Amino acid sequence: MSRMLSKFRVLDLTNVLAGPFACHQLAHMGADVIKVEVPGSGDLARQLGADPELNARKIGVSFLAQNTGKRSMTLNLKDPEGKAVLKALVKTADVLVENFRPGVMKRLGLDYDVLKAENPALIYCAISGYGAEGPMKNLPAYDQIIQGMSGVMSITGSEESAPLRVGYPIADTLGGMTAAFAISTALAGRSQSGEGCFIDVSMLESTLATMGWVVSNYLIAGKTPVPMGNDNFTASPSGAFKTGEGLINIAANKQEQFESVCEVIGKPELKTDVRFSERQARLQNRKALTEILEAAFASHPAEHWETVLNQHGVPAGRVMSVPEALDLPQVKQREFEAVFDDVDGVEQPVHVARPGFLVDGKRPEVGCPPPALGADSKAILHDLGYSHADIEQLAERGVI
């Protein structure tokens, strides 16, 4: 079941994160993903990450993170012969994904209409900052720009610190996840119609689409979202609280959960205190309630309160670092990390994340590590019918 896309071929013409992340998900479900890269330089992510030596070898950590399970071929799409090779590839493919600025593929003579003529069943997915249509379509967009434009930064942080960027490239990732979902859906639809389609993914809209509660609070209730730090705007006590050591997140969203908190901290009288006895009162008196709770939580570390509160039916969890999260027995047991011991250009084992789900109890996985730049060019061309002499000539001319 984890190889559900094994009969499909995906051409990955993308760079850095949103597109590579989308194709990374498809590779984990069994798709044959061919990463088409610029000769000599490849995906910019090959030069990005926290290890300068790997960046110099064009196998940077940012590339390693999103490109397991793919094959790499280099191809100069500005060269007529390079265009011909891509068209030959398209005839064998089910999906093409690109995240150039709108109009770039058309200028190259490789837009959807052109490639659809080569393969009417092709699913063509274009990922961009704002979408292929509209007054902003030609503007450049990176994750942080979209975080700002979407309103994410305006509601991240506290009243004093906002606006703040979310600590990882959330807009890029959501754009990639949206693309992977749309592509998978299109493949399912094509099995009935036999026809391909053009998928236009906007990172801005992908991000806004995940902000349903705050967007709807504004559109329906007329309430403008504001930054609330670590507090949850839907309930109290719901948010992060100081303890004797570390922070604890609590989500006491139900009345019975609030009452359990009162029992756990030894203050049952709070249940009938008019300031806190019902949901709306607790929201209006959040600050006073937080002060009482944090005074009680100061007696023990966060780990203690996590255990006790969960035992009493109150959702709670420590605020952890990334290394601590990855070291959780829960994460270890479910084999979230994949390890590749023999990656070309990398001297140590490479640890990367797998998708966040199981299929029939098994974690989706891929059989090969992230590829060296152009590692599979010759083999792919050979499969397309190019002779050894033809391939050598393409290499000499810089087409591959």
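**Group meeting: a walk through the predicted model**

Let me start with strand β10. Strand β10 has two faces: A338 and F340 sit on the covered one, E337 and V339 on the uncovered one. In general, side chains in a regular strand alternate between the two faces of the sheet. "Strand" here is a DSSP run of E with at least two residues, "helix" is a run of H or I with at least four, and both are numbered from the N terminus. "Buried" is under 20% relative accessible area, "exposed" is over 50%, and "partly exposed" is in between, with a 1.4 Å probe and protein chains only.

Some ground rules. This is a predicted model, where local features need pLDDT of at least 70, side-chain atom pairs count only at pLDDT 80 or more, and totals for chains, interfaces and linings use all residues. Residues are numbered from 1 along each chain as its sequence is written, and side-chain values use heavy atoms, with hydrogens and water left out.

Back to β10. What does β10 pair with? β11, through four bridges, and the two run antiparallel. Strands count as paired if DSSP finds at least two bridges between them. V339 has H351 in β11 as its bridge partner. Just before β10, in the loop that follows α16 (329-333), sits E335. E335 is not a glycine, yet its phi is positive, near 55 degrees.

Beyond β11 (350-353), on the way to α17 (377-383), the loop holds D360. D360 is another non-glycine with a positive phi, about 50 degrees. Buried or exposed? D360 is exposed, at 64% relative accessible area.

Now the overall picture. The protein chain carries 18 helices and eleven strands. Its C-alpha trace spans about 85 × 45 × 40 Å along the principal axes. There are 400 residues, and 44% of them count as buried. A contact means heavy atoms within 4.5 Å. Take the contacts with a separation of 6 or more: 66% of them link residues 24 or more positions apart. About 20000 Å² of the chain is exposed, with 54% of that supplied by carbon and sulfur atoms. Accessible areas come from the Shrake-Rupley method with a 1.4 Å probe; for residues, only the protein chains shown count as cover.

Next, the six-stranded sheet. What is its strand order? β3-β2-β1-β4-β5-β6, in an open sheet with parallel pairing. The edges are β3 (70-74) and β6 (197-202), each pairing on one side only. On average, neighbouring strands are turned by 20 degrees against each other, direction ignored. Axes are lines fitted to C-alpha atoms, for helices over the stretch in contact, and angles run from 0 to 180 degrees between N-to-C directions.

Look at one pair. β2 (residues 32-37) is joined to β3 by five bridges, running parallel. K35 stands opposite S72 of β3.

Two helices to point out. α4 (residues 80-92) lies across β1 (9-12), β2, β3 and β4 (95-98), at about 150 degrees to β1. α8 (residues 170-193) packs on the sheet and touches β4, β5 (123-128) and β6, making about 160 degrees with β6.

Now α1. How many of its residues are buried? Eleven of eleven. Among them are F21, C23, H24 and L26. After α1 comes G30, with a positive phi near 105 degrees. A31 follows in the loop between α1 and β2. A31 is buried, at 7% relative accessible area. Leaving aside neighbours within four places in sequence, A31 is in contact with L5, S6, F8, V10 and L26. A31 and K7 are 24 residues apart in sequence, but 6.7 Å apart in space, C-alpha to C-alpha.

On the other side of α1 (18-28), in the loop from β1, is V16. V16 is partly exposed, at 31% relative accessible area. With L44 and L48, V16 forms a nonpolar surface patch of about 200 Å² accessible area together. Patch residues have over 30% relative accessible area and no salt bridge; like charges are joined within 9 Å, nonpolar side chains (Val, Leu, Ile, Met, Phe, Trp, Tyr) within 5 Å. A salt bridge is a side-chain nitrogen of Lys or Arg within 4 Å of a carboxyl oxygen of Asp or Glu.

Last, cis peptide bonds. A162 and P163 are joined by one, with omega about 0 degrees. P163 is in the loop between α7 (143-150) and α8. The bond from S236 to P237 is also cis, omega near 0 degrees. P237 lies in the loop between α10 (212-219) and β7 (238-242).
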